[in-house]
Amino acid sequence: MGVTGGREGHEGDEGVFDAMAAIPDGAAPGDQQDRDLDAIVIGAGFAGIYMVYRLRESGFAVRGLEAGGGVGGTWYWNRYPGARCDSESMYYSFSFLPDFEQEWPLEQRYPTQPVILRYLQTVAERLDLLKDFRFGTRVTSVTWDEPAARWTVRSAGGYEATARFLITAVGALSAANVPAFPGAETFAGEQYSTANWPHAPVPLAGQRVGLIGTGSSGVQVLPELAKEAGAVTVFQRTPQFVTPAQAGPLDPQLVAMWKANYREIRRRTKFTPGGIPIPGPHVSAFELSEHERRARCEEAWRRGGIWFLDGTFIDAVTDVAANTVVADFVRSKIDEIIDDPETAEKLKPRTYPWGTKRVPIGSDFYETFNRQNVRLVDLRADPIEAITPRGIRTASAEHELDVIVYATGFDALTGALTRLGVRGRGGTALPDAWPGGPRTYLGLSVPAFPNLFTITGPGSPGVVTNVPAAIEQHVEWIDELLCFARARGSTTIEAAQDATTEWTTHVQDVASQTLYASADSWYMGANIPGKPRVFLPYIGGLDVYRRKCDEIAAAGYPGYAFDGAAAPALQGAGHGAG
Ligand code: N01
């Protein structure tokens, strides 16, 4: 059987059961055609919701298009048991709704998927945005019409619209990657992807479940699967440095204090590298004695989550020796937690520096391997050969299963964009414009694709920050740029080649000052066979990025051409890389 889920199949997603086909495209509100739009926004997650709202409030005729049956984006699709956000509740929300942030209850340290989905639904209703979206509409083609200087957008179900501007709000981690294991279609049981989890509860009681993948999704789903299933076999390709979330209810006094100071905290958030205003480490591993280093790691581990990721040493991801201190500490924790030394050994990462693959934040992940009903298969020693009708066959054995869960990640940052079927000037397809990896100006614009803006696109800091914070910056900046173009009567806005080269080079230069490039990670595109190996997000910091974008706006948008003419070089900003 194919992989069952709640998502419409993408082109090229053969075998993915298309439960969304049950929502006939065109049955969604709105006509089959929209001809007079100023802007189309694709996606209804945090980014799409805010972008549609901003443009509508700025007086643009805007339509949001969304493949799903409602708002939520990532949180609409990733409804697997245990799904929750790694950012803490008080940060993981919009900052532009001061009244609503006072009302919205903050109960758990980390918001769960149902809570975030309800939050986004409530925001969309409050802002009266549902009427501005067309749901059940999967965009399959986006074409630049040169004579009209407009985008034409078509959906799988025959909807067609044109607009002056097109803004993608499709998420950086939304194009699911389900590897094509030979024989997968012969499996007699059920197959699910965490990125595409069914809306109805999945019956797991007493079932023999195989879990492939131990990234953030696998780390979150495993403890929940193990509680319910008869047995779980975890198929691990690369061990991870999992950080404890230290999840739990929020102290009401902390929440009250937080809400009293929310405005000031939001203001500070805008000028932090990661979109979360916690103090950085400010100390090198080498300024401390061995005892002090250990104590520092212990304290950061006790606090958990981001406090461990950002709380050890200032050189933890730039210096190999400092990195090894943190890596050794996590390996020692694995030894402490895991009862069986052989399992502990298999779970210890040894092939890449700590932090250079996105660090999963988990609750009872390592502890779950002490359960009698959980087994670990090390795919490096014992690779998957095929999926059979009865289960998964590795080099050493056939593992009999009733259910297979794929937690195998995403075609990050570029996948959701290239799957839209975007063609720019001269009919150039977006993947053809990026043969050596994505090239963008500020992560927002691509030469030869005028009037197209990509929220949290490649070259943006989005995925290495508290994502809503980056989204708000992008949305506000794009809205201001469109207002600027309207005020000067411009029809097209297009990124210049030289500014794009400069920004793209800068993105790689900043990454090369760290250890990130040494890991096979989705940051590097290494999880997708054939994908060019470049660092995809911008890790110079959201604060630095914001300042750069502000400078560019203040200088009249150098790096862009308006109606084919370069923006006048006002004093101030350079072309992007700073
Ligand atoms: O995906 P991943 P994810 N055979 O790519 C394995 C965000 N997120 O969905 O490491 C066998 O991290 C792969 O192995 P390897 C977050 O940014 C956030 O878990 O490539 N195994 C790996 O173990 C996160 O980083 C939240 O060797 C295969 C796993 O599948 C990002 O999304 C929650 C394989 C994929 O891990 C992606 O996380 C969830 C194959 N052919 C996700 N192919 C929160 O905020 C892949 N794997 C909480």
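I count a residue as near the ligand if one of its heavy atoms lies within 4 Å of it. I keep in mind throughout that I am reading a predicted model.

**Entry 1: the ligand shell**

I looked up the surroundings of the ligand with that cut-off and found 25 residues around it, the closest being R84, S217, R237, T238 and K357. Sorting the residues of this shell by class, I noted 10 nonpolar, 9 polar and 6 charged ones. I then asked which helix gives the most to the shell around the ligand. It is α5, spanning residues 216-228, and its contribution comes to 3 residues.

**Entry 2: polar contacts of the ligand**

I went on to the oxygen atoms of the ligand and the polar protein atoms beside them, taking N or O pairs within 3.5 Å as contacts. For W522, I found a polar side-chain atom 2.9 Å from an oxygen atom of the ligand. For R358, a polar side-chain atom is likewise paired with a ligand oxygen, here at 3.4 Å. With A407 the partner belongs to the backbone, where a polar atom lies 3.3 Å from an oxygen atom of the ligand. I also noted the area of the ligand, which exposes 900 Å² when taken alone, and of which the protein buries 89%.

**Entry 3: cavities**

How many cavities of 30 Å³ or more does the structure hold? I recorded 4 of them, and for the largest cavity I wrote down a volume of about 90 Å³. Its lining is made up of Y91, S93, S95, R266, T269, K270, N466, P468, A469, E472 and R546. By class, I sorted the lining of this largest cavity into 3 nonpolar, 4 polar and 4 charged residues.

Turning to the helices, I saw that α7 (262-269) and α15 (467-487) each supply at least two residues of that lining. The largest share of the lining comes from α15, which gives 3 residues.

**Entry 4: the chain as a whole**

I closed with the overall fold, for which I noted 17 helices and 22 strands in the protein chain. Along the principal axes, the C-alpha atoms of the chain fill a box of roughly 70 × 60 × 45 Å. Why do I set the radius of gyration of the protein chain beside that of a compact globule? A compact globule with 578 residues would have a radius of gyration near 25 Å, and the protein chain has 24 Å, so the value agrees with that expectation.

Methods: Residues numbered from 1 in each chain as written. Predicted model: local features only at pLDDT ≥ 70, side-chain atom pairs only at ≥ 80, totals over all residues. Heavy atoms only, no water. Polar contact = N/O pair within 3.5 Å; in protein donor to acceptor, adjacent residues only side chain to side chain. Areas by Shrake-Rupley, 256 points an atom, 1.4 Å probe, with all protein chains shown as cover. Helix = DSSP H or I, 4+ residues; strand = E, 2+ residues; numbered from the N terminus. Nonpolar A, V, L, I, M, F, W, Y, C, P; charged D, E, K, R; others polar. 1 Å grid on protein atoms, 1.4 Å probe; cavity = no way out; pocket = protein on both sides within 12 Å on 5 of 7 lines; lining within 4 Å. Points joined across faces, edges and corners; volume = space filled by probe spheres on them. Rg over C-alpha atoms; globule rule 2.2 N^0.38 Å.
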